[in-house]
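Hello,

Here is the structure I promised to pass on to you. Please have a look at it first, and then read my notes underneath.

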Amino acid sequence: MMNLPSSPLDRRHPVWICAMRPFFLLALVCAIPLVCWWGGVLAWGWPVPAVAGGAIVWHAHELVLGLAVAAVAGFALTALPEFTGVACGTCRQLRVLVGLWLLVRLGFWASGALGLPALVLAGASQLALLLGVAWVLLPALKTAVGRRHWAFAWLLLALAVTSAGFYSDALRGLPGLRWLDATVGVLMLLIVVAASRISMRIVNNAIDEITPGAAPYLARPPRRTMAALCIGFYTGAEFIAPGQPVTGWLGLAAAAAMLNLLNDWHVGRPLWQKRFPALLYAMYWCMVLGYAALGAAQLGWLSGGMSAGRHFLTMGAIGLGIFIVLSIAGRAHVGRPSDAGPWLGLGGAVLLLATLWRAMGAVQGVGWPVLAGAALLWCVAFGMLAWRVAPGLWLARTDGKTGCAD
């Protein structure tokens, strides 16, 4: 048996055989140490890097443009080749993309000390990363099958636009949070698009196992399109006219559209007796609650609703989405059997509890113990995920297959 290199700097290391491997590992690095650090900031006043915009911007930037973008890159670079049957990217291109992600961290974290040059480095690297992912995916998107998945490319370009907006504000001495909020809206659209691709397989497998012969689950395009339109309209309205009644009503419309989309999911016992469908269903509910809280807050009906809504969308929808994708792809594409054991339901429940705890803390106006406790619960959930997934992302395959083969 060939001895594989132990250093990830060597291109022959197993971490480079599939695009999701390094990006999912980087997502875990963001999800656990950085959120634990943030809990320490809230509880004991731990210092944070002196970045442009301050501590809140650092926290939001790293979880949206760090954690979420790493997960999106890993998912897109693995899923699109699987959907289309066309290989995308080389080991060299993957290493360049990972290097760009790391340069964003380096530049942004150093922005407080080095100023504009560090911000320029971070901003240029962020744009190069997102546009680079889209470029690598072009061969798959140009195929007959790939044309049905162009939404991924458009959403990657939208992420590049909101990233450029954030760094434009940062270079002018502005916090740029409005652009990070818009980025969350783009990520919600990406969840609606991506979840429809994987949910039918997961839910219908559960139906075939528990209630054979029952009507299949269908992710109906009209409901999905309506949800996407409402989320898009709310995101644009919040950016242009925050705090206006029309923005509040659009937030409630987005929540209603997500509830309408959930009607497709009511398939009976398979939804509740299988952990993966239940977690996907809970992810959508976090979007419902998030947009309902944002809409109510914009209308002046809910004190603390803006923070609560943001955390339902970020900790809840994005957090659960990453948790689910890593749980599935992080085992299927490294040659390991699916693992829907008790840890999965427990980890998902802990993550939902962290989200509810944080959202209620925002509404009730409670102090640091609740906020730090929510951060700790998040880290526990992702610690369980790392325990079950990280070794497979790092080690060589043992099933005789290569690359990302399922």
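Below is what I found on the empty spaces and the nonpolar core.

First, the ground rules. This is a predicted model, in which local features need pLDDT of at least 70 and side-chain atom pairs count only at pLDDT 80 or more, while totals for chains, interfaces and linings use all residues. Residues are numbered from 1 along each chain as its sequence is written, and side-chain values use heavy atoms, with hydrogens and water left out.

**Cavities**

On a 1 Å grid over the protein atoms alone, a cavity is a set of points where a 1.4 Å probe fits but cannot get out, and a pocket is an open set with protein on both sides within 12 Å along at least five of seven lines; lining residues have an atom within 4 Å of a point. Grid points are joined across faces, edges and corners, and a volume is the space filled by probe spheres set on the points.

The model has four cavities of 30 Å³ or more, and the largest has a volume of about 340 Å³. It is lined by 22 residues, with Val72, Leu190, Ile191, Ala194 and Val325 closest to its centre. By class they are 21 nonpolar, one polar and no charged (Ala, Val, Leu, Ile, Met, Phe, Trp, Tyr, Cys and Pro count as nonpolar, Asp, Glu, Lys and Arg as charged, and the others, Gly among them, as polar). The helix α12 (305–332) gives the most to this lining, with seven residues (helices are DSSP runs of H or I, at least four residues, numbered from the N terminus).

**Pockets**

The largest pocket holds about 750 Å³ of space. Of its 33 lining residues, Ile198, Arg201, Ile202, Asn205 and Ile328 are the closest to its centre. Here α7 gives the most, with seven residues, and the lining has 16 nonpolar, seven polar and 10 charged residues.

The second largest pocket has a volume of about 580 Å³. Its lining counts 26 residues, and His59, Ala60, Leu63, His311 and Thr314 lie closest to the centre. This lining divides into 19 nonpolar, four polar and three charged residues.

**Around Trp265**

Trp265 is in contact (heavy atoms within 4.5 Å) with Ser199, Val203, Tyr217, Leu271, Pro277, Leu280, Tyr281 and Tyr284, leaving aside its neighbours within four places in sequence.

Best wishes

Methods. Helices (H or I, at least four residues) and strands (E, at least two) are DSSP runs, numbered from the N terminus.
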